[in-house]
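Visitor: Could you take me through one part of this model up close? I'd like to see how a few helices sit against each other.

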Amino acid sequence: MRQCWVMAMIKEPFRCEDAGFFGPDSISWRISGPTIFPGVVATGAYFFLNPWLANIGVSNSTGATDPWKRIVLTTEYMFAIYFGDRATAQHAADVVNAMHDHVVGTWGPTGDREHCASEPRNLLWLLIPYGQGALDAYDAYGPRKLTLEERNRYWREESTIVGRLNRIPDELMPKSQAEVDTYLAAERANLALTESALFVSDTFFPRPRAGLKQALLALPVRAALSTGVALAPDYLMRLYGKEPYPELMKAAVKVTHRPLFSALSATPVVQDIIPMAVSAPVRKLVSRAREAARTGNYDRPAAGDGPAQRLRTVI
């Protein structure tokens, strides 16, 4: 296994020269509030059932020693892409692309073939479940459900911006909810619970009889994750060897937690509680992006025509 973490995701000194590739009117901004937490939990349920990605993720030191940190890094990246100006988003993409190029590994059933994190097929299995989880979480816990056109708009944004930032060929990125549904149904046959996925499952679902620490963590961790588990398709939970929540329980979780998420979303000081908790750079980035969008006060462009400007001409 080769691995490499190259530099900070969000470079200093921080600048906000423009509204970025998305901006305040995008669906991506709308669904990146407090409801993104259960969305990220649901994303994890998808991600680690991909055998070669689970192996790569767990073999990587961050995935093996601190799966929560691995999720935080992914969330930090997505906030940089969605809320950063174009230079910030491009820098984050360059950092992650460089890191992914060096994260490779093998998986027993495929023999000596090396799987690289930057292969389009592998990137799709991160970006599409992330978007699906975020959309489903907003529908379940947000102020209202998204319309089909709003979901399709989100996937068009992902296809033309996030896909290109991650070097995924346009023809591979789904551009509608129907295409996403088809993709997820097709990938279902490739999912499996491997030893690596079981390691992650035991981390997020500690077993009370596995020791004192696990016994103390079991109930609060499961309570915290319940909002995301209620969104995960039943077949994912069965692959993990877990009994899916009954439909009545799923409905109860959503009904009881929706007022909390609604209150968080409606309160300016805590509407960005997730980026506030992710990291100081993300907290600063999101706060500055919202301020600039509200006031129109952006930083003067820096000298030079960097990668973000070159991508701007393409998108």
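Guide: Let's start with a word we'll need: a residue counts as buried when its relative accessible area is under 20%. Keep in mind that this is a predicted model. Now look at Glu 157, which lies in helix 8 (residues 148–165). Its relative accessible area is 12%, so Glu 157 is buried. Leaving aside residues up to four places away in sequence, Glu 157 touches Phe 22, Ser 26, Ile 27, Ser 28 and Val 162.

Val 162 also turns up where helix 8 meets helix 7. The axes of these two helices come within 11 Å and cross at roughly 150 degrees. Angles over 145 degrees count as roughly antiparallel, so that's how helix 7 runs relative to helix 8. Their crossing is right-handed. From helix 8, Arg 151, Tyr 154, Trp 155 and Val 162 take part, and they meet helix 7 residues including Leu 127, Tyr 130 and Gly 131. Sorted by class, this contact has seven nonpolar, two polar and three charged residues.

Helix 7 (residues 120–141) also packs against helix 9 (residues 177–187), at an angle of about 120 degrees and with the axes 11 Å apart. That angle makes helix 7 oblique to helix 9. Here the crossing is left-handed. On the helix 7 side you'll find, among others, Ile 128, Gln 132 and Leu 135, while helix 9 brings residues including Val 180, Tyr 183 and Leu 184. Ile 128, Gln 132 and Leu 135 of helix 7 meet helix 8 too. By class, the contact of helix 7 with helix 9 has seven nonpolar, two polar and three charged residues.

Definitions and conventions:
Residues numbered from 1 in each chain as written. Predicted model: local features only at pLDDT ≥ 70, side-chain atom pairs only at ≥ 80, totals over all residues. Heavy atoms only, no water. Axes fitted to C-alpha atoms, helices over the stretch in contact; angles between N-to-C directions. Helix = DSSP H or I, 4+ residues; strand = E, 2+ residues; numbered from the N terminus. Parallel < 35°, antiparallel > 145°, perpendicular 65-115°, else oblique. Left-handed = near helix turned anticlockwise from the far one by under 90°. Contact = heavy atoms within 4.5 Å. Nonpolar A, V, L, I, M, F, W, Y, C, P; charged D, E, K, R; others polar. Buried < 20%, exposed > 50% of the residue type's maximum accessible area, 1.4 Å probe, protein only.
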